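Hi everyone, thanks for coming. Let me put today's structure up on the screen, and then we'll walk through it together.

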Number of protein chains: 2
Amino acid sequence: MALPTQADDFPAWYQEVVRGADMAENSLARGTMVIKPYGYAIWEAIRDALDLRFKQTGHENLYFPMLIPQRLLEREKEHVEGFAPEVAVVTHAGGEELGEPLIVRPTSETIIWDAYSRWIQSYRDLPLLYNQWANVVRWEMRPRLFLRTTEFLWQEGHTAHETRDEAWAETLRMLDVYRDVVEDVMAIPVHKGRKTEAERFPGAVETLCIEALMRDRKALQSGTSHYLGKNFAEAYGVTFLGRDGEEHHAEATSWGVSTRLVGGLIMAHGDDKGLRLPPKVAPVQVVIVPIFRSDDEQARVLEAATRLADGWRALGLRVKVDDRDDLRPGYKFADQELRGVPARVEVGPRDLDAEQVTVARRDTGDKTAVPLPAAGPWLVDAMDQIQRSLFDDALAFREANTHAAANYDELRAAITDSGGFVTGSWCGAPDCEARVKAETKATIRFLPLEREDPGAACTVCGEPGTERATWAIAY
Amino acid sequence: MALPTQADDFPAWYQEVVRGADMAENSLARGTMVIKPYGYAIWEAIRDALDLRFKQTGHENLYFPMLIPQRLLEREKEHVEGFAPEVAVVTHAGGEELGEPLIVRPTSETIIWDAYSRWIQSYRDLPLLYNQWANVVRWEMRPRLFLRTTEFLWQEGHTAHETRDEAWAETLRMLDVYRDVVEDVMAIPVHKGRKTEAERFPGAVETLCIEALMRDRKALQSGTSHYLGKNFAEAYGVTFLGRDGEEHHAEATSWGVSTRLVGGLIMAHGDDKGLRLPPKVAPVQVVIVPIFRSDDEQARVLEAATRLADGWRALGLRVKVDDRDDLRPGYKFADQELRGVPARVEVGPRDLDAEQVTVARRDTGDKTAVPLPAAGPWLVDAMDQIQRSLFDDALAFREANTHAAANYDELRAAITDSGGFVTGSWCGAPDCEARVKAETKATIRFLPLEREDPGAACTVCGEPGTERATWAIAY
């Protein structure tokens with residue numbers, strides 16, 4: 001387990017953590033991955049937190065087919081231009097060449113809005129508040145485990161509304177659901193914002209996003225919520241009889257997050273020892289490592305460990321006894337640190353004699369001797385503390401790595417020398433945006449949800465600024 | 001809502017129930033379907049019940065890619081012969097023709113056992129008890145909503161073991177998990193059994209199954225659990241260092257159930273009014289239909305309905321107020337019956353004056369006036385009763401439609417005239433099995449898990465019988 005340091009080689013660190021913590025591995029077809037049980041359990045925790053909130057906000061799940069006739073994609077002009085180069089195409093099935101090729105969904109607006117044209121007739125049919133959990137395929141030239149894979153798992157919400165106001169409110173509501181899950185459950189602070197036109201979802205009127213900062217000072221787009229206006233309703237002929245007796249096109253939103261979030265979790269919290277998992281998503285919250293020399297000690301310690309684990313599970317903790325009998329405790333410590341288990345409990349004969357256990361927190365590394373009867377509640381409380389401390393830590397890191405730039409030299413220096421988020425005034429011109437990207441690789445990650453007067457000249461061209469922009473180099 | 005009767009036209013009844021209850025519809029690509037929210041919520045309930053039990057029996061979820069290089073499929077001879085004619089093939093992606101075609105998984109033994117060859121080195125790595133929830137594609141010539149669709153949702157467990165005994169115990173254990181979910185949660189009685197060689201999964205040594213009887217007296221294979229022996233370990237080179245210091249091939253199982261179960265639920269319980277849903281899987285367990293004439297009555301009744309719904313939800317019931325203001329109560333009654341909601345509660349001004357509600361049970365049609373303070377607990381209790389009564393009803397139906405045949409004339413007459421399950425002695429010869437199939441369309445649905453001496457001559461050929469077989473015409 002020779003983990004490279006983050007400072008030495010962040011990409012190698014990332015790859016080695018994913019491998020060493022048994023989260024995922026590359027599979028055979030280009031850019032595809034196997035999500036292994038430890039990585040999948042984290043995704044399940046994120047998924048369950050999202051699904052709960054989708055249902056609490058009135059959404060229902062459904063499922064659309066993965067295979068879409070190619071002609072359907074072609075109806076919305078910007079959408080097809082955005083996705084056509086990335087699609088995988090089924091040309092043969094059942095031993096024959098198909099009359100019409102089928103594409104594997106890269107996203108499902110096309111097939112869903114085609115169905116909505118039949119489902120929506122009257123304002124009484126609205127709103128439709130639907131979501132699906134699905135796999136999608138986008139052919140990636142530079143794949144990377146979790147962050148950018150040819151096939152990935154995600155959810156995609158697709159809603160239809162009577163009015164612009166309702167659709168816009170939905171776009172904001174779901175963005176805030178994402179913020180809540182990423183901040184409260186994954187302990188990653190995010191900025192909510194608006195994308196520039198260049199960074200918008202193909203076919204959207206506005207793309208809203210949450211953006212997080214990773215430990216290598218690069219930004220990660222962690223979720224998007226799109227206000228689609230009437231674009232898809234017009235392309236797929238979705239009209240309804242309104243309260244006014246007239247036919248109207250429906251207003252649309254779509255929103256999604258994916259297994260990319262697992263990559264974000266690794267990079268937002270990890271340190272040179274490996275993962276640091278927030279307790280709310282940790283598959284194992286407490287790992288008990290038994291310490292013993294003789295067979296007698298082993299029997300005594302394992303019996304105590306099993307009893308403690310049962311008691312703590314009854315308090316709602318996810319507890320594992322690391323009873324692998326071919327590994328030394330020191331190896332297990334390092335292995336469980338690599339896996340980011342929030343708390344490690346050492347149980348040895350001397351601990352039992354003293355009626356205590358030794359608890360090591362993964363977030364801080366602090367070791368504490370905790371009297372045995374109180375250890376369960378102590379650990380429950382520690383989970384809250386670790387959850388909060390990881391968030392605070394990530395927030396402090398982000399604030400320490402956010403810089404303001406007053407002119408182009410400062411902007412370029414901040415991006416190149418410091419990294420992180422760099423804020424500045426922008427005139428709104430795509431040329432200025434493109435220049436920064438070409439010269440620094442940084443893109444505008446977000447604009448404020450509500451346009452703010454930057455009160456300063458454009459950082460790039462010096463013309464009057466119209467937006468407060470935040471730049472970063474991004475994944 | 002002109003629902004055909006089951007007796008008149010069962011397939012039309014099925015199709016109309018699926019449509020009318022808003023469960024699913026055909027989609028654009030051949031044989032694909034959209035699972036609509038009401039159908040998907042039922043699948044979610046089944047899935048959650050299964051997933052809980054998988055985890056309770058020590059299994060973990062993971063996720064393998066959907067796209068599999070074609071050459072991988074070709075390693076296990078029977079497996080490729082079984083699945084090659086059904087696969088969909090991706091030949092183009094990212095705007096180019098692929099060097100090697102990728103197949104869309106029809107099942108995942110091939111890609112999983114290829115990975116297991118790297119994951120399994122020593123007996124310490126065993127057992128692997130993994131499951132995945134996924135979509136699969138099998139090109140179907142005669143598709144039918146839920147029962148046989150080109151793409152379907154399922155779970156597939158894939159386990160690896162040191163010994164034959166362990167793998168066989170796992171095969172039986174998971175078959176019993178399926179029996180438990182289908183009987184206890186879905187209220188459908190099933191037979192556990194063994195498939196004949198002709199009906200086995202391609203590549204399996206033994207295929208075990210659960211078989212249920214539908215209301216049209218046809219059988220539905222509702223789940224399968226395969227003992228794969230060393231077939232896949234040999235094909236994919238999965239060996240491990242055993243406790244004896246020697247290299248061994250791993251023993252395997254795989255097991256799966258799919259969205260086909262939703263079709264089984266419809267056909268096992270439905271009647272001429274539509275679905276009858278067991279409370280444990282019903283998305284809505286109690287529907288409140290407000291009855292009113294004037295606006296004043298409407299306000300009073302809706303206020304009461306909302307209050308009652310909140311109180312009953314606090315007891316754990318899934319309650320919906322059918323407050324659609326453009327529909328008459330009689331229409332709602334029929335609509336909610338079609339949707340199979342276990343209990344309907346009518347609330348009108350006279351009910352409120354008398355401090356009672358009128359409850360109609362979907363399973364029996366019984367209507368009862370229930371005093372208001374006691375209505376919540378009464379409904380909770382009714383859910384248990386309905387769950388049990390649907391099971392008992394299906395069991396009685398199955399028993400009334402199970403016949404014993406002593407000779408070929410009886411066998412043929414029972415299959416052709418009565419339908420249902422027909423039991424008889426079988427000599428074990430594939431010819432006898434094939435003759436029954438050719439002449440009656442019935443197949444051997446299962447043999448007992450443990451071979452039983454039938455104590456009689458083969459029902460087909462009159463030679464000595466070696467197995468007790470159960471025939472039926474099946475989906």
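Here's something to look for first: in what sense do strand E5 of chain A and E5(B) pair, and over how many bridges? They pair in the antiparallel sense, over 5 bridges. On chain A, strand E5 covers residues 88-93. If you'd like one pair to find on the screen, take Ala93(A), whose bridge partner in E5(B) is Ala88(B). Please keep in mind that this is a predicted model.

Now let's step back to the whole interface. On chain B, 43 residues are in contact with 43 residues of chain A. Strand E5 of chain B, residues 88-93, gives the largest share of that side, with 6 residues. And what sort of residues does chain B bring to chain A? There are 28 nonpolar, 8 polar and 7 charged ones.

Next, symmetry. Chain B superposes on chain A after a rotation of 180 degrees, with 0.0 Å of shift along the axis and an RMSD of 0.0 Å. The two copies are therefore related as by a two-fold rotation axis. Both copies also use the same surface: 100% of the contact residues of chain B recur in chain A. Which residue of chain B comes closest to the axis? That's Val90(B), with its C-alpha at 2.1 Å.

Val90(B) comes up again when we turn to the core. The largest nonpolar core has 278 residues, and Val90(B) is among those with the most contacts inside it, as are Val90(A), Ile46(A) and Met186(A). Looking beyond its neighbours within four places in sequence, Met186(A) touches several residues by our contact criterion, including Ile46(A), Val181(A) and Leu261(A).

Thanks for listening!

How values were computed
Residues numbered from 1 in each chain as written. Chains lettered and ligands numbered in written order. Predicted model: local features only at pLDDT ≥ 70, side-chain atom pairs only at ≥ 80, totals over all residues. Contact = placed C-beta atoms within 7 Å. Helix = DSSP H or I, 4+ residues; strand = E, 2+ residues; numbered from the N terminus. Nonpolar A, V, L, I, M, F, W, Y, C, P; charged D, E, K, R; others polar. Pairing = 2+ DSSP bridges. Core = buried A, V, L, I, M, F, W, Y, C linked by C-beta atoms within 7 Å. Buried ≥ 20, exposed ≤ 12 C-beta atoms within 10 Å, placed from the backbone. Least-squares fit on C-alpha atoms with pLDDT ≥ 70 in both.
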